[in-house]
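Here is a short report for a reader meeting this structure for the first time. It starts with the overall picture and then turns to single strands and residues.

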Amino acid sequence: MRYRTLWVRLVVRVLLMAVPALAGCGAPAAPSVTPTPFEIVSTEEYIWQEGEAFLSQSGSSAADFKVAASNGQCLGMNWGNRRGNFAEYDVELPFALPRAVLYLRYAREGRWPAELDVYASGKLIGASPSMVLKPTGGWGYTASEWKYHKLLLGSMEAGKYRIRFVSLVDFGEVNIDGFFIADESFRP
Ligand SMILES: [Ca+2]
């Protein structure tokens, strides 16, 4: 019995020694193809701005804490309740994005959509309304109540931008967790 155990141990040991050697023998040579620079699109390039870290806003009456939100907080508390409510953010894009998109993480309870216009440094993005935000099933108390809305921004140079959201309707409350700006290949 004891000899048998030793044999098993020996066989296992030999096999373990052989595996790396086999892997080394069978490995193909590293590819030497260099991609053309303008074809390189990094999916890692994005920035994230917290909704509660605004430069200025109108409509929200207090800090809004939600455990399912990034940083545990959002811009909410009746933000968007009145047409003309706004929120502004200063963001710095450290790289150029030829095909930039904005992903807004938001929550909204209700039966009809909210409508927002979005500006980047004073320029309206898309046709008004820039965003039609369908209800998400709640105000963001759980992760499933937060949804993303994608907005095409077009080409953006590296630099500073002022992003402004404006509510176009009364009773269009939206909780804004934050937003990504990224290449269009990015998936939040
Ligand atoms: Ca947040």
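A residue counts as buried if 20 or more other C-beta atoms lie within 10 Å of its own. By that rule, 29% of the 188 residues of the protein chain are buried. The model is predicted.

**Overall layout**

The protein chain holds one helix and twelve strands. The helix comes at the start: from the N terminus on, the order is α-β-β-β-β-β-β-β-β-β-β-β-β. Many contacts span long stretches of sequence. Among contacts between residues at least 6 apart in sequence, 74% join residues at least 24 apart.

**Strand E6 and its partners**

Strand E6 covers residues 97–107. It is mostly covered, with eight of its eleven residues buried. Two strands pair with E6, as the table shows.

| Partner of E6 | Residues | Sense | Bridges |
|---|---|---|---|
| E10 | residues 147–156 | antiparallel | eight bridges |
| E12 | residues 175–183 | antiparallel | eight bridges |

Single residues show how these pairings line up. Tyr106 stands opposite Lys147 in E10. Ala107 has Asn175 in E12 as its bridge partner.

**The nonpolar core**

The largest nonpolar core has 33 residues. Ala87, Leu116, Leu153 and Ile176 touch the most other members. Several strands feed this core with at least two residues each: E5 (86–93), E6, E7 (114–120), E9 (131–133), E10, E11 (159–167) and E12. E6 gives the largest share, seven residues.

Take Ala87 as an example. Which residues is Ala87 in contact with, leaving aside its neighbours within four places in sequence? They are Phe54, Gln57, Leu75, Trp79, Phe165 and Ile176. One of these, Ile176, is also among the core residues that touch the most other members.

**A buried glutamate in a loop**

Glu173 is found in the loop between E11 and E12. Is Glu173 buried or exposed? Glu173 is buried, because 23 other C-beta atoms lie within 10 Å. The cut-off for a buried residue is 20 or more.

Some of its surroundings come from far along the chain. Asn81 is 92 residues away in sequence, yet the two residues are 4.7 Å apart in space, C-alpha to C-alpha. Leaving aside neighbours within four places in sequence, Glu173 is in contact with Asn78, Trp79, Gly80, Asn81, Arg108 and Ala114. Trp79 appears in the contacts of Ala87 and in those of Glu173.

Terms used
Residues are numbered from 1 along each chain as its sequence is written. This is a predicted model: local features need pLDDT of at least 70, side-chain atom pairs count only at pLDDT 80 or more; totals for chains, interfaces and linings use all residues. Helices (H or I, at least four residues) and strands (E, at least two) are DSSP runs, numbered from the N terminus. A residue is buried if 20 or more other C-beta atoms lie within 10 Å of its own, exposed if 12 or fewer, and partly exposed in between; C-beta atoms are placed from the backbone. Two residues are in contact if their C-beta atoms, placed from the backbone, lie within 7 Å. Two strands pair if DSSP finds at least two bridges between them. A nonpolar core is a set of buried Ala, Val, Leu, Ile, Met, Phe, Trp, Tyr and Cys residues joined through C-beta atoms within 7 Å.
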